[in-house]
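Here are a few exercises to work through with the model open in your viewer. Try each one before you read the solution.

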Amino acid sequence: VILGLVSGIVACAVSSHGIVRVPRQYDEVFAAALAAIQDAEFTVTSQERATGTIGAEKRLPSNEGDLLRMTVHLTQASTGVKVVTTVVSPDGPLATGEKPCKCHVKRFVAALESRILAVQLVTIE
């Protein structure tokens, strides 16, 4: 039992984040981020273009009522746009085999890269 709990903790931290830089215009990156969220199987729940904040969620089919929450923050810089993505898992233990946080951040980044080829990955943790 302890081994199962430990492996579950190792498999998915409570939250994960990824940071990328995109040498493109803000509006183009904002639109691509919205599409990438959907490609990562999340539903956009809020978007504030002026503040560069997008909220999204995904229901976990194995745990009734549990939601993964994704937040994407865009910041304009002289070299392009910095995109910070954070995925937070629901409270409580996840079902066996669920590793949502880091893999969903990776899915988002891959979807963004497929839409804008010049994405520079800074980190995924």
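**Exercise 1.** Which residue forms a salt bridge with Glu41, and how many Å apart are the closest N and O atoms?

*Solution.* A word on the input before we start: this is a predicted model, where local features need pLDDT of at least 70, side-chain atom pairs count only at pLDDT 80 or more, and totals for chains, interfaces and linings use all residues. Residues are numbered from 1 along each chain as its sequence is written, and side-chain values use heavy atoms, with hydrogens and water left out.

Step 1: apply the cut-off, a side-chain nitrogen of Lys or Arg within 4 Å of a carboxyl oxygen of Asp or Glu. The partner of Glu41 is Lys58, with the closest N and O atoms 3.1 Å apart.

Step 2: place the two ends. Glu41 sits in the loop between α2 and β2, while Lys58 belongs to strand β3, 17 residues away. (Helices are DSSP runs of H or I with at least four residues, strands are runs of E with at least two, and both are numbered from the N terminus.)

Step 3: check the cover. Buried means under 20% relative accessible area, exposed over 50%, and partly exposed in between, using a 1.4 Å probe and protein chains only. Glu41 comes out partly exposed at 47%, whereas Lys58 is buried at 15%.

Step 4: look for further links. Arg107 joins Glu41 and Lys58 in a network of salt bridges.

**Exercise 2.** Count the salt bridges, then describe the ones made by Arg115 and Arg69.

*Solution.* Step 1: the rule gives 6 salt bridges.

Step 2: Arg115 pairs with Asp39, and their closest N and O atoms are 3.0 Å apart. Arg115 is in helix α3 (residues 100-115) and Asp39 in helix α2 (residues 26-39), so this pair ties together parts 76 residues apart in sequence. Both ends are partly exposed: Arg115 has 42% relative accessibility and Asp39 has 39%.

Step 3: Arg69 pairs with Glu57, this time with 3.2 Å between the closest N and O atoms. That links strand β4 (residues 67-77), home of Arg69, to Glu57 in strand β3, 12 residues apart. Arg69 is partly exposed at 47%, and so is Glu57 at 23%.

**Exercise 3.** In what order do the strands sit in the sheet, and which ones stand at the edges?

*Solution.* Step 1: list the elements. The chain has 3 helices and 6 strands, in the pattern α-β-α-β-β-β-β-α-β along the sequence.

Step 2: pair the strands, which takes at least two DSSP bridges between them. The 6 strands make an open, antiparallel sheet ordered β2-β3-β4-β5-β1-β6. β2 and β6 (120-124) are at the edges with a single partner strand each, so one side of each has no neighbour in the sheet. From one strand to the next, the twist averages 15 degrees.

Step 3: zoom in on two pairings. β2 (residues 43-48) and β3 (residues 53-59) are antiparallel and joined by 5 bridges; Ser46 has Gly55 of β3 as its bridge partner. These two strands form a hairpin with 4 residues between them, and Gly52 in the turn has a positive phi of about 70 degrees. β4 and β5 (residues 80-88) pair over 9 bridges, with Leu74 partnered by Val83 of β5.

Note on methods: Axes are lines fitted to C-alpha atoms, for helices over the stretch in contact, and angles run from 0 to 180 degrees between N-to-C directions.
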